[in-house]
Each structure stands twice: as structure tokens, then as C-alpha cells.
Amino acid sequence: MSESMFMAAALNPPKTPFKIILTPALLPPPTSSALTFKPNNNFPTLSAAAQPQQQEHAALLDTLRNSTRKNQVLQSIRTTSPFNCLSETNLHHTVPALTSKTRGKVRDIYDSGEYLVLVTTDRQSAFDRILASIPFKGQVLNQTSLWWFERTQHITANAVVSTPDPNVTIAKKCSVFPVEFVARGFVTGSTDTSLWTVYNKGIRNYCGNALPDGLVKNQKMAANILTPTTKAADHDVPVTLDEIIERGLMTRADYEEVSRKALSLFEYGQCVALEHGLILVDTKYEFGKAEDGSIMLIDEVHTPDSSRYWIANSYLERFQNGLEPENVDKEFLRLWFKNHCNPYEDEVLPEAPEDLICELSWRYIFLYETITKSKFEVLSSEEPIHERISRNVTSALASLK
């Protein structure tokens, strides 16, 4: 189950040349960034309108692969990770106001009565299981989500009340929709529910979306689509609108409103990402309904855990040469496990190499710094992280009374 599902349980083709401008319907882009794709034997052409930023964007690859900043971060990871890896929390034993704990894949969720306290740990999940712990990951995810939450309020309200600690968000309670809205712009992926996996099996109608023949892996689609999923036991199950309505998962009105919000969020995220030299390939959103009936965005937004990001500057060349795009997310970790075991069926998984763990931690930090244009703060390890979180949460809950 996803963290938000636990929250709920606790609380209740183009035919001719076409052009896609990644511009959010509700807010103009920061500048005139655009991606233009024209079919040419299934190979799109890519152009970026923000010419003054091309040099900066071209330098992203150098920063990602080998840079002074990367070496600085890797040094911090290797010297402080034993103290900063947060694999488990037990705030219900250290914070008097917290009465229960629900353990999600990545987040530990606590009930304070009026609010939920969500602690983002360093646990790394994929294939519906925990693969490893990644230094500083929880801090990156929480702070990345906060950055996006603050900048998407013109599209939808969210459940955030406060963030008393780099790893913690205090949120409003709500009735969570048991549907995840996966927004996709490209035919890609490696998991069982990814668009490329199902497309490569010959499926041409996925979650109610008609897909044309002739698409190739990592190709841009004519328009963004939504492929909703719901939970069945311990894995995600794709569902159509009709199935969602028939099973009573959502009303048609709620589904239509959430769909509009999800696509607007995705378009806006693509625009902002491109402005920073990245392609937001796909992502997932979760929503809930407040007591007053308003719909809120919950969980996380456009993080490297919930999203797939590629380097924009190198995408076209690599695509034309049949190479995987340069990614800034957990896809390369997924691929490592798929190459070394059966992550869906093997009872015991191999341990990911230390260099792989450090590289993923760096990529998460790189994404945060690239998107937010701010330097990631490596917190002091002098105070044990669990003690720091307990102190900050206790103080924050007292101030909310």
C-alpha cells in the first residue's frame, strides 16, 4: 500500500507533423521554453526556445557526471551517511502527542488527533518492496515536495500545514481517494505497469487511452495522458474511468476534477523542469477530499521518487542512437536490480553496491539543486536524526494547539 492509502485506512497519435508546447493552462511559463516534436520515422525533433539558457543546460551533464559539486556531495555522503540514514522512526514512543504509527514504503505516518505527521525516511522502494536506504533521500524528497507544493497552489490546494523538520511534514487529515493518477508524456519505463512494458506486449488501449502503432521506447507522445492505478494486495493495478466509477472508488465529478488538476500539474511541472534543463517524463499524484468537500493534493509532488526526469540537452541524440536517456531518478537503480535478480519474485535480493547507493543519493540532491536553484544543506550529524525530529515535532505540535 502507498502511504496515502494507509492514511485513508487510518482515517477513514498524431498523423501529420504536430507541435506540443509545454505551457500550463493556468499560468504562463517562466519564459518561452518549449519542446517541439515532429514525427519523422518515429524520431522527434527537439528544440528549446530559451536560447540564452542552452549553455547552462548543456553544463548539466557535466555537473551530473563529474564536477566539484558532485565530489563535495559524495564526500559528505560517505563521511556522514552512517549518522544521517533514517531507515526507521518510532516517534509514537518519543512524542507524547502521537498515538499511533503506520509504516508506509517510504513514509512513517503518525496520528496526532487533528493532524497527521508524515516523516519521510531514507528507505528506497521499487517493485513494491524496499531495496535499500539512501543517504539524505528523505530530506531531499520532503524539501522537493515542499518547493512544488508552494508553487502549485494556483492549480490546487494541498494538505500541508507546516514542515517543522527537513524530513517532516504536518498535514491536514482528509478522505484519500484510493486512486493514484499517473501522468505520462513518453512511452518508457521498466516496471510491470510502465507504459513501455505494456505497449511492448502489444496492448494498444491502456487505462482508456488509445495508443497508436509504431511507437518506440522513450518516444514523446502526441499528448500527455493519465493512467490511473489502484491497490490490490501489495501491487498497483491499472484501472479505467468506468472501472473507477463501477467500483465506487470515486464519483465521476471527483474524477473529472482530479484529472484536470493532475494534467495541469503535470504540464506546469514539465514547463518548470524544462526551464531548468530537464524533462519531466512521468509522475504520479494523489488527492484527498477535505471535510468541506474541497479536493487537495497530498503525499508528494514531482520528486525523484514519484517522477521520472531526463536531461533535456542530451535526450534527442541518445534517442536517435537507441540509447537510454540520461536520467535523474531511481530508474538506474531499478535497472540494476532487474539485471541482477527477479525483484518481483526473489525472496532475498542482492545488496546494492555502495557506489550505486552514493550515486543515487547524489542524483537526488542534484535534482533538488537543479530544480530549486538552491544549495542542498547537509545537516550536522552531531545530534542523532531521530532525536532532532522528535524535538522539532514536539515543538511544532505544541504550537498548533
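**Cavities, a pocket, helices and cysteines**

The second largest cavity is lined by Thr-188, Gly-189, Asn-218, Arg-308, Trp-310, Glu-324, Pro-325, Asn-327, Glu-331 and Leu-335. Two or more of these lining residues are given by each of the elements S18 and H10. A cavity is a set of points, on a 1 Å grid over the protein atoms alone, where a 1.4 Å probe fits but cannot get out, and a pocket is an open set with protein on both sides within 12 Å along at least five of seven lines; lining residues have an atom within 4 Å of a point. The volume of the second largest cavity is about 60 Å³, where a volume is the space filled by probe spheres set on grid points that are joined across faces, edges and corners. By class, its lining has three nonpolar, four polar and three charged residues. In this division Ala, Val, Leu, Ile, Met, Phe, Trp, Tyr, Cys and Pro count as nonpolar, Asp, Glu, Lys and Arg as charged, and the others, Gly among them, as polar.

The structure is a predicted model, in which local features need pLDDT of at least 70 and side-chain atom pairs count only at pLDDT 80 or more, while totals for chains, interfaces and linings use all residues. Residues are numbered from 1 along each chain as its sequence is written, and side-chain values use heavy atoms, with hydrogens and water left out.

The chain contains twelve helices and 18 strands; helices (H or I, at least four residues) and strands (E, at least two) are DSSP runs, numbered from the N terminus. Of its 401 residues, 57% are buried. A residue is buried under 20% relative accessible area, exposed over 50% and partly exposed in between (1.4 Å probe, protein chains only). The accessible surface of the chain comes to about 17,000 Å², with 49% belonging to carbon and sulfur atoms. Such areas come from the Shrake-Rupley method with a 1.4 Å probe; for residues, only the protein chains shown count as cover.

The largest cavity holds about 140 Å³ of space. It is lined by 18 residues, of which Leu-118, Phe-149, Val-160, Thr-169 and Asp-299 are the closest to its centre. At least two lining residues come from each of strand S3 (115-120), helix H5 (137-151), strand S7 (160-165), strand S8 (168-172) and strand S17 (295-298). H5 provides the largest share, five residues. The lining of the largest cavity comprises ten nonpolar, six polar and two charged residues.

The largest pocket has a volume of about 920 Å³. Among the 38 residues that line this pocket, Lys-105, Asp-128, Thr-191, Thr-193 and Asp-236 are the closest to its centre. The elements that each supply at least two lining residues include strand S18 (307-311) and helix H10 (331-340). Strand S16 (278-289) is also one of these elements, and S16 gives the most, with three residues. The lining of the largest pocket has 21 charged residues, together with ten polar and seven nonpolar residues.

Two helices were examined for length and burial. The expected span of a helix is 1.5 Å times one less than its number of residues. For the 24 residues of helix H8 (residues 252-275) this gives 34 Å, and the end C-alpha atoms are 35 Å apart, which agrees. Because 17 of the 24 residues of H8 are buried, this helix is largely enclosed by the rest of the structure. Just after H8, Gly-277 takes a positive phi of about 85°. For the 19 residues of helix H11 (residues 354-372), the expected span is 27 Å and the end C-alpha atoms are 27 Å apart, in agreement. H11 has 17 of its 19 residues buried, so it too is largely enclosed by the rest of the structure.

Most residues other than glycine have a negative phi. Lys-373, just after H11, has a positive phi near 60° although it is not glycine. Lys-373 lies in the loop between H11 and helix H12 (385-399), and is partly exposed at 49% relative accessibility. His-302, also not a glycine, has a positive phi of about 50°. His-302 is found in the loop between S17 and S18 and is buried, with a relative accessible area of 0%.

The structure holds zero disulfides, a disulfide being a pair of cysteine sulfur atoms within 2.5 Å. The cysteine sulfur closest to that of Cys-85 belongs to Cys-358 and is 9.6 Å away, too far for a bond. Cys-85 is partly exposed, with a relative accessible area of 27%, whereas Cys-358 is buried, at 4%.
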